[in-house]
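Here is a short tour of a two-chain model, written for someone who likes to know the cut-offs behind each term. Please have the structure open as you read.

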Amino acid sequence: MISQAVIKHKKKRRTNWRIWAIFLPGFLFVTAFTFYPMIKMFVMSFFDWKIGFQQVSTFVGLRNYIDVLSDPTAHIAIENTLVYAVVTVPVQMILGLFVAVLVNGIRKYSVSFRLAYYLPVITSWVVVALLFRYIFATSGLLNYFLVDTIKLISEPIGWLSTRWAALCAIMLLGIWKGIGWNMIVFLAALQAVPKDQYEASDIDGASRIQKFFYITLPNIKGTTLFILVMLTIGAFNTYTPVAVLTAGNPAHQTEVVLTWMYFQTFSALNFGYSAALSIIITALIVIATIIVFGLSAKKKVTHYGK
Amino acid sequence: MRTKSVITFFLSIVALLLLVGCNTTVTEKVTIEFWHNYSEGDGQIQVLETLITEFEAANPDIVVEHVYMEWSALKDSVVLGSSTSVLPDVLRGDIAFIPQFQSLNVLVKMSDFEDYDTVAATVLAAPNSSNKMGDDFYGIAANTNTKILFYNETLLNAASVSVPTTLDEVWTAASALTSGQVIGMVEPWTGIWNVGPYIWSEGGDVLSPDNTTAEGYINSQIVVDVIQTLADLYAEGSLAGPSMNPGATGDTDGWAAGTYALQLDGPWRESSCIAAGINYQAIPLPAGSHGSVSVLGGEDFMQFKSSDEAHQAAAWEFIKFMISEHAQVEMAKVGQMPVNLDALENAEAIAALPLLPVFAEALQTAKARPVIPQWSEVENIIATKVAEAITGQKAVQTALDEAATEIDALLAD
């Protein structure tokens with residue numbers, strides 16, 4: 001009996017050691033490259049951070065935060081980012097779901113269609129942004145089509161010359177690139193919807209639209225929430241389309257938070273300001289995510305079968 | 001058995017390390033690292049490598065390793081390296097880097113070197129003044145350039161526009177040349193590098209003479225009139241530029257396509273026009289009411305505090321070689337305008353740079369941008385506000401008043 005207890009105890013210790021050995025490298029990696037920079041940056045946001053040779057950073061308390069919140073260009077950047085998020089996220093999701101429903105319903109060539117829609121997602125951001133820049137340039141493809149080919153307008157339009165027109169081009173790029181990803185995720189969710197519910201509704205005489213709103217949508221709620229959160233976080237993290245299409249110009253009118261942060265960090269060398277800006281953005285994303293979760297939890301799920 | 005293999009393993013590692021350690025024999029060669037942005041396309045890298053070989057032959061105890069980085073990567077690398085001391089021994093970079101790097105406290109005060117004054121006397125004073133902060137020099141001139149008015153002769157002839165002789169004629173020419181696909185003038189940015197010559201040529205200025213105030217200078221009537229002219233040209237479509245209008249064609253692409261007719265630009269415009277087969281000519285900027293004052297550009301050699309004494313001494317030797325007459329003439333043959341006084345009068349250099357007399361004339365009256373630590377932030381503020389004024393987002397006086405306020409707040413810090 002005693003020998004059995006000893007054997008069990010020895011086994012337990014060896015197992016614990018193995019668990020730590022597997023867990024530790026990944027944990028150290030994440031700590032070094034995610035947690036440590038986050039904490040360091042939070043600290044940085046309270047200093048006038050200097051990186052020069054043997055230079056000392058001075059503590060300035062909340063001054064960086066006040067600078068960010070009172071800076072008109074930071075306001076423009078946050079506004080642009082919010083507009084981008086509010087427009088691209090729902091549109092991507094609706095179009096992605098629409099395409100997923102269509103692709104789900106066909107039997108032949110579904111792989112080809114899925115590939116065609118997913119191709120923009122896996123293409124490099126820089127490449128497609130450059131393409132869109134050539135399309136939307138004042139002497140670009142779109143104006144050539146409108147002015148020279150179908151002769152709809154007489155003078156070329158400056159699509160990228162003003163704030164809102166350029167933002168439309170940027171949002172169009174973001175939506176086009178994201179539809180495929182939404183489609184793939186929604187497809188997986190659609191294929192998990194139990195078929196017997198559709199059959200039951202057939203007996204009750206439901207139309208296709210009724211089936212969609214009363215069976216399909218409620219069943220993919222979890223996926224919808226997941227996609228909503230991922231897309232919102234992704235929308236706040238937009239950088240490449242803005243940097244390539246307009247570089248934040250004209251006169252910083254089309255900046256988004258990440259491009260403005262990059263400019264402040266590497267051109268103006270305002271490290272404290274940028275750290276404060278990123279903490280503010282993190283707070284905004286957290287609030288947005290909480291709102292999204294809150295909205296989805298409020299609606300009571302009506303039981304529709306197992 | 002297990003213990004034996006572990007011991008053998010460790011012993012072999014120790015043996016290996018000893019062997020490696022013994023192999024690094026004393027060769028006493030100092031290897032200096034040289035960062036630059038000499039362009040590959042113009043053949044400058046080839047000339048650099050030839051010069052390095054010559055230098056190493058004359059100085060057998062020094063090895064030079066050169067690293068190419070493009071302009072903005074060069075600046076970013078120094079910014080990133082300043083806190084970790086991953087810095088080169090010598091760098092050839094834009095004169096605008098001097099105050100920026102000095103604010104990072106990484107530059108060696110080169111005027112402390114014993115023979116600095118004698119060496120500085122062999123180069124042009126005006127370009128070398130870009131290294132001067134206070135009474136000290138933080139670098140030495142490597143090459144210089146300024147901006148002159150390039151024009152597309154084919155387009156001027158086609159529109160029957162005569163070559164402008166005054167600054168006002170430049171503006172009327174830009175308007176007259178704009179028709180169809182042709183746009184009169186291009187300005188890639190809106191900083192002082194771009195609009196400074198127009199302001200200075202009309203007698204205006206950006207900051208007070210002691211570089212402490214902007215109020216009354218950047219928003220004076222002269223500057224407002226100049227920027228208003230540019231805004232009017234932009235509104236009628238005679239002025240374009242990728243920073244004012246992200247939809248506009250870039251300047252090099254526009255020249256090659258025959259879209260742009262006039263541009264105030266530096267020597268690189270010549271090589272790109274030749275490559276694109278454009279029929280170009282160039283004259284010094286036509287005079288405004290206060291003469292023809294263009295903006296001084298160029299590159300300086302800098303050294304860094306992170307290098308030890310041996311490396312600093314070796315780097316200084318390399319710099320002295322690179323600004324000697326021979327090296328400067330060789331570089332002149334690939335488009336680098338020399339600062340060495342003897343090289344400027346060398347027949348080979350003159351033959352290699354056909355526009356050298358035009359640039360030399362412009363260099364006599366060219367003005368340097370203020371060498372203050374906050375200059376790059378000041379210029380960013382000006383570029384943003386001038387862009388807002390030119391594109392019509394704000395009235396010119398309002399935009400410039402805001403610029404003055406922001407700059408004064410920045411300089412007061």
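Let us start inside chain B, where B:Ile32 stands opposite B:Val64 in S2(B). Strand S1 (residues 30-36) of chain B and S2(B) pair in the parallel sense, over 7 bridges; strands are DSSP runs of E with at least two residues, helices are runs of H or I with at least four, and both are numbered from the N terminus. Pairing requires that DSSP finds at least two bridges between two strands.

A note on the ground rules: this is a predicted model, in which local features need pLDDT of at least 70 and side-chain atom pairs count only at pLDDT 80 or more, while totals for chains, interfaces and linings use all residues. Residues are numbered from 1 along each chain as its sequence is written, and chains are lettered from A and ligands numbered from 1 in the order in which they are written.

**The sheet and its helix.** S1(B) and S2(B) belong to an open sheet of 5 strands with mixed pairing, in the order S2-S1-S3-S12-S6 (chain B). Its edge strands, S2 (62-68) and S6 (140-146) of chain B, each pair on one side only. Helix H13 (residues 309-322) of chain B packs on this sheet and touches S1, S2, S3 (90-94), S6 and S12 (296-303) of chain B. The direction of H13(B) makes about 55° with that of S1(B); axes are lines fitted to C-alpha atoms, for helices over the stretch in contact, and angles run from 0 to 180 degrees between N-to-C directions.

**A helix pair.** The axes of H10 (residues 221-235) of chain B and H18(B) come within 8 Å and cross at roughly 50°. The two helices are therefore oblique to each other (under 35 degrees is roughly parallel, over 145 roughly antiparallel, 65 to 115 roughly perpendicular, and the rest oblique). B:Ile227, B:Leu230, B:Ala231 and B:Tyr234 in H10(B) meet B:Val386, B:Ala389 and B:Ile390 in H18(B); contact requires C-beta atoms, placed from the backbone, within 7 Å.

**Domains.** The bounds below come from an automatic or database domain assignment.

| Chain | Domain 1 | Domain 2 | Distance between centres (C-alpha atoms) |
|---|---|---|---|
| Chain B | residues 30-138 + 296-365 | residues 148-292 + 371-412 | 29 Å |
| Chain A | residues 2-44 | residues 71-298 | 39 Å |

**Where the chains meet.** The contact takes 24 residues from chain B and 25 residues from chain A. H18(B) gives the most to the side of chain B that touches chain A, with 5 residues.

How values were computed: Two residues are in contact if their C-beta atoms, placed from the backbone, lie within 7 Å.
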